[in-house]
Amino acid sequence: MTMSQSGGRRRPPTIHDVAREAGVSRGTVSRVLNGGHYVSPAAQEAVNAAIRRTGYVVNRHARSLITGRSDSIGFLLTEPQERFFEDPNFNVLLRGCTQALAAHDIPLLLMLAGTEDERRRITRYITAGHVDGVLLVSSHSGDPVAEQLRDAGVPLVMCGKPIGVGSKISYVAADDRDGARDMVRHLVSLGRRRVGMVTGPLDTPGGVERLAGYREVLTESGIELDERLVTSGDYSRASGEAGAELLLERAPDMDAVFVASDLMAQGVLTALHRAGRSVPGDVAVGGFDDSSAAVAASPELTTIRQPYDRISSEMVRVLLAQIGGEDPAAVILPTELVKRRST
């Protein structure tokens, strides 16, 4: 190994060392590092083996000066910071996206923007080119971030079907409406006829689509829709508890409740227990997500499983394709009913 001029420390290997070790030109190594275009499989394998042997590490700053890219991706959550720590779904998505990008040796930057000022500052940061693209999670309709990033030409993929932001925005979503239909059909199949619902926020795709699925199944089952049996939450545990209290006050004969998130369903269970209602004896409870909150609940929740691993990997795949020049794309993934002790 070559020693540095000023001391005895070994200098880090360079692209020239990799080329020499692999027996190829410096240009071939550069093409491998930038995606492997116009490189034979044998040459690519030789370069990758030389990188492992020499311990070469890409100088991302130097490469960004040449390519105009930051070689990093932003994970942007437009919710209050406390929601990130309370709701297990966000952490699952973050972990999945981080792992999917690690396979491409791309770091992920977590960005929390729960206030208007935070959204303004982070939008400026993103549009200045500090990340190559954005994975946007939990954006409400009326939130200008998605449109601002799209209009600025920033590659963008949303988690969940966009509402009120026009077209040409990529997204990956679970089939919220079909999942809701599966849950409500299950509750009705148990003989329950006074089925309540605590919805998510009705300016979010999950809030709108899950409510639509609930209404469709009650109608097709010949059960009269009673708006007293529907109330909205914000996906927090506290809102589920408050929602259940309101439903019990409006409709004491409620015998089942579909809750649009597992975390809210924990709050629903608390309110039912406090009111002396047994679960599932008096009231059957179904959630949505199949998050850690479902198995932490007492009793464990029957719920709708969202395929978070696939959602994360598809978000990364679609974003990297967009960065590479492909058009925006939409991906909708199936959900699954998971039966436990709450129904």
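Let us start at one residue: Asp 289 counts as buried, at 3% relative accessibility. Its place is the loop between E9 and H13, and its phi is positive, about 130 degrees, although Asp 289 is not a glycine. Asp 290 also has a positive phi without being a glycine, here about 60 degrees. Asp 290 belongs to the loop between E9 and H13. With a relative accessibility of 17%, Asp 290 counts as buried, because the cut-off for buried is under 20% relative accessible area.

Please keep in mind that this is a predicted model.

**An aromatic pair**

How many aromatic pairs does a search of the whole structure find? There is one. Its partners are Phe 258 and Phe 288, and the pair is tilted, with 6.4 Å centre to centre and 45 degrees between the planes. Phe 258 sits in strand E8 (residues 256-259), while Phe 288 sits in the loop between strand E9 (284-286) and helix H13 (292-296), so the pair ties together parts that are 30 residues apart in sequence. Are these two rings on buried or exposed residues? Phe 258 is buried, its relative accessible area being 0%. Phe 288 counts as buried too, at 0% relative accessibility.

**Two cis peptide bonds**

Now for the backbone at two prolines. The table sets out the bonds and where each proline lies.

| Peptide bond | Form | Omega | Place of the proline |
|---|---|---|---|
| Val 279 to Pro 280 | cis | near 10 degrees | Pro 280: loop between helix H12 (262-274) and E9 |
| Ser 298 to Pro 299 | cis | about 0 degrees | Pro 299: loop between H13 and strand E10 (303-305) |

**The whole chain**

Stepping back, the protein chain holds 14 helices and 12 strands. It has 343 residues, and 52% of them count as buried. The accessible surface comes to about 16,200 Å², and carbon and sulfur atoms account for 50% of that surface. What share of the contacts between residues at least 6 apart in sequence joins residues at least 24 apart? The share is 69%.

**A link across the sequence**

Val 92 gives an example of residues brought together from distant places in the sequence: Val 92 and Asp 309 are 217 residues apart in sequence, yet 8.1 Å apart in space, C-alpha to C-alpha. Val 92 is part of helix H6 (residues 88-102). Neighbours within four places in sequence aside, Val 92 is in contact with Tyr 308 and Ser 312. As for its cover, Val 92 is partly exposed, with a relative accessible area of 24%.

**Helices H1 and H2**

The last stop is a pair of helices. Two packed helices are described by the angle and the distance between their axes. For helix H1 (residues 15-22) and helix H2 (residues 26-33), the axes come within 8 Å and cross at roughly 105 degrees. That makes H1 roughly perpendicular to H2, because angles of 65 to 115 degrees count as roughly perpendicular. Which residues make the contact? From H1 come Ile 15, His 16, Val 18 and Ala 19, and from H2 come Arg 26, Val 29, Ser 30 and Leu 33. Sorted by kind, the residues of this contact between H1 and H2 are five nonpolar, two polar and one charged.

Methods
Residues numbered from 1 in each chain as written. Predicted model: local features only at pLDDT ≥ 70, side-chain atom pairs only at ≥ 80, totals over all residues. Heavy atoms only, no water. Axes fitted to C-alpha atoms, helices over the stretch in contact; angles between N-to-C directions. Helix = DSSP H or I, 4+ residues; strand = E, 2+ residues; numbered from the N terminus. Parallel < 35°, antiparallel > 145°, perpendicular 65-115°, else oblique. Contact = heavy atoms within 4.5 Å. Nonpolar A, V, L, I, M, F, W, Y, C, P; charged D, E, K, R; others polar. Buried < 20%, exposed > 50% of the residue type's maximum accessible area, 1.4 Å probe, protein only. Areas by Shrake-Rupley, 256 points an atom, 1.4 Å probe, with all protein chains shown as cover. Phe/Tyr/Trp six-rings, centres within 6.5 Å; stacked < 30°, edge-to-face > 60°.
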